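User: I am new to this structure and would like a close look at one part of it, the place where its two domains meet. Please take me through that part carefully, and then through whatever surrounds it.

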Amino acid sequence: MSNKIKKIGVLTSGGDAPGMNAAIRSVVRTCAYHNIECVGVYRGYEGLMEGDFKEMNARSVKDIINKGGTILKSARSKEFRTKEGRKLAYNHLINKGIDALVLIGGDGTFTGGMIFNEEFNFPVIGIPGTIDNDIYGTSHTLGFDTALNTVVEAVDKIRDTASSHNRLFFIEVMGRDVGHIALNVGVGSGAEEILIPEEDLGLDRLVESLRRSRQSGKSSSIVIVAEGDKIGKSVFELKDYVDENMENYDVRVSVLGHMQRGGAPSCFDRVLASRMGVKAVESLMEGKTNYMVGLLNNEIELTPLEKAIKGKSKINLELLRVSEIMAT
Ligand code: F6P
């Protein structure tokens, strides 16, 4: 392993996700293990452009493996999208003697990193951190597994009310433009229907399916709706449609919101974060740049950043079929 890299910076950018802290810890400790200095950059690219840096050692990251959010804080930066902004960031990195960056975030973070690498030939490696799981080149992004467990727990609680009052609940879950969270949570929580952007069920089919389930003897139902689903303008519109078109249904809506992004990371996310951090630092040490680390067939592999950004993360449509059968 060559050792040209002497100082690595690490930042978190975009929406926070459980497991980001475990990844920061892994990057910092892998650096310490290899006698490389490590610098934490606060507030993602915003802090990079302001030189908001802090030296970190192995002890700086004690007691954070179990914490949600990100101790380095996060931001979505508009200014980093400009050449002037990126030049500011580059100057701060050079002044601080930082040779490479580990970027923990989603596709917006990686797009910024890739452009930065192209402009300044500055080594970067990405670690995918977002609850949405919408990144190509990894079966799991950091935070996805935790979010699934959080949402399933919430849906279980709502189910108590649904079944006590014979109600139909539309529960909206996060995921931006993709349905990974909805699909997995729908199967895991035993939902009647799952509405995702990748598959247009249509309002008529939805209504028909709800009628059928009522006829089969079910007195309450849960429908999981991905926030990016286009079947109705909003989850509230779905409720209105059912109210208008189906008699004797007591319908409620629950939008879970940002509680899905918080909380202690699951064991899966902690292990994944630890593995990804090691691979990110050691890849930089080997002279690799402009890659993302990801989990593929349970191995930590590298995917070129450009592919990770442009590729489409595949939805597991088999789960829709499983859900349909389970809703019998
Ligand atoms: O990307 C993570 C995510 O939580 C999405 O699921 C959601 O659409 C979005 O971020 C919400 O963003 P914000 O926190 O800026 O409202």
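Analyst: In this predicted model, the area buried between domain 1 and domain 2 is about 1200 Å², and carbon and sulfur atoms give 50% of it. The size of an interface is often given as the accessible area lost when the parts come together. The contact draws on 18 residues from domain 1 and 13 residues from domain 2. On the side of domain 1, Ile131, Asp132 and Asn133 supply 44% of the area buried against domain 2, which is more than any other three residues.

The two domains are set by the domain assignment of the protein, in which domain 1 takes in 7-143 together with 265-310, while domain 2 covers 144-261. Their C-alpha centres lie 34 Å apart. A separate outline comes from UniProt, where an unreviewed entry lists residues 7-283 as "domain: Phosphofructokinase". Within residues 7-283, helix accounts for 43% and strand for 17%, and the C-alpha atoms at the two ends of the span are 14 Å apart.

One of the three residues named above deserves a second look. Asn133 sits in the loop between strand 5 (124-128) and helix 5, and this residue is buried, with a relative accessible area of 5%. Its backbone is also worth noting, since phi of Asn133 is near 60°, a positive value in a residue other than glycine. Most residues other than glycine have a negative phi, and most peptide bonds are trans. Asp63 can be set beside Asn133, for phi of Asp63 is likewise near 60°. Asp63 lies in the loop between strand 3 (53-56) and helix 3, but there the residue is exposed, with a relative accessible area of 54%.

From that loop the chain leads on to helix 5, where Thr146 is found. Thr146 is counted as buried because its relative accessible area is 3%, and buried means under 20%. Leaving aside neighbours within four places in sequence, Thr146 is in contact with Pro18, Ala264, Pro265, Ser266 and Asp269. With one of these partners the contact is polar, as a polar atom of the Thr146 side chain lies 2.8 Å from the backbone nitrogen of Ser266.

Beyond these individual contacts, there is also a nonpolar core to consider. The largest nonpolar core holds 60 residues, and the members that touch the most other members are Ile8, Val102, Ile127, Ile171, Ile222 and Ile224. Helix 5 (residues 144-164) gives the largest share of this core, with eight residues. Domain 1 and domain 2 both contribute residues to this core, so it lies between them. Apart from this core lies another one, of 23 residues, among them Ala89, Phe110, Phe116 and Phe122.

Ile224 shows in detail how one of those well-connected core members is surrounded. Not counting residues up to four places away in sequence, the residues that Ile224 touches include Val155, Ile171, Val173, Ala182, Val185 and Gly186, and also Ser189, Ala191, Glu193, Ile194 and Leu195. Three of the residues in that list, Ala182, Val185 and Gly186, are also among the buried residues of helix 6 (residues 180-188). The other buried residues of helix 6 are His180, Ile181 and Leu183. What covers the buried residues of helix 6 includes helix 5 and helix 11 (318-326), along with strand 6 (167-173), strand 7 (193-195) and strand 8 (221-226). Just after helix 6, Gly190 takes a positive phi of about 70°.

A few residues chosen from other places help to fill in the wider picture. Ala32 has its place in helix 1 (residues 20-33) and is partly exposed, with a relative accessible area of 33%. Although Ala32 and Asn57 are 25 residues apart in sequence, their C-alpha atoms are 6.6 Å apart in space. Asn95, in helix 3 (residues 83-96), is exposed, with a relative accessible area of 66%. Between Asn95 and Asp240 there are 58 Å in space, C-alpha to C-alpha, and the two are 145 residues apart in sequence. Asn316 lies in the loop between helix 10 (305-310) and helix 11, where this residue is partly exposed, with a relative accessible area of 37%. The C-alpha atoms of Asn316 and Thr82, which are 234 residues apart along the chain, are separated by 37 Å.

How values were computed
Residues numbered from 1 in each chain as written. Predicted model: local features only at pLDDT ≥ 70, side-chain atom pairs only at ≥ 80, totals over all residues. Heavy atoms only, no water. UniProt positions renumbered as here; feature names shortened; annotations may be inferred. Helix = DSSP H or I, 4+ residues; strand = E, 2+ residues; numbered from the N terminus. Core = buried A, V, L, I, M, F, W, Y, C linked by side-chain atoms within 4.5 Å. Buried < 20%, exposed > 50% of the residue type's maximum accessible area, 1.4 Å probe, protein only. Domains from an automatic or database assignment. Contact = heavy atoms within 4.5 Å. Polar contact = N/O pair within 3.5 Å; in protein donor to acceptor, adjacent residues only side chain to side chain. Buried area = accessible area lost by both parts, 1.4 Å probe.
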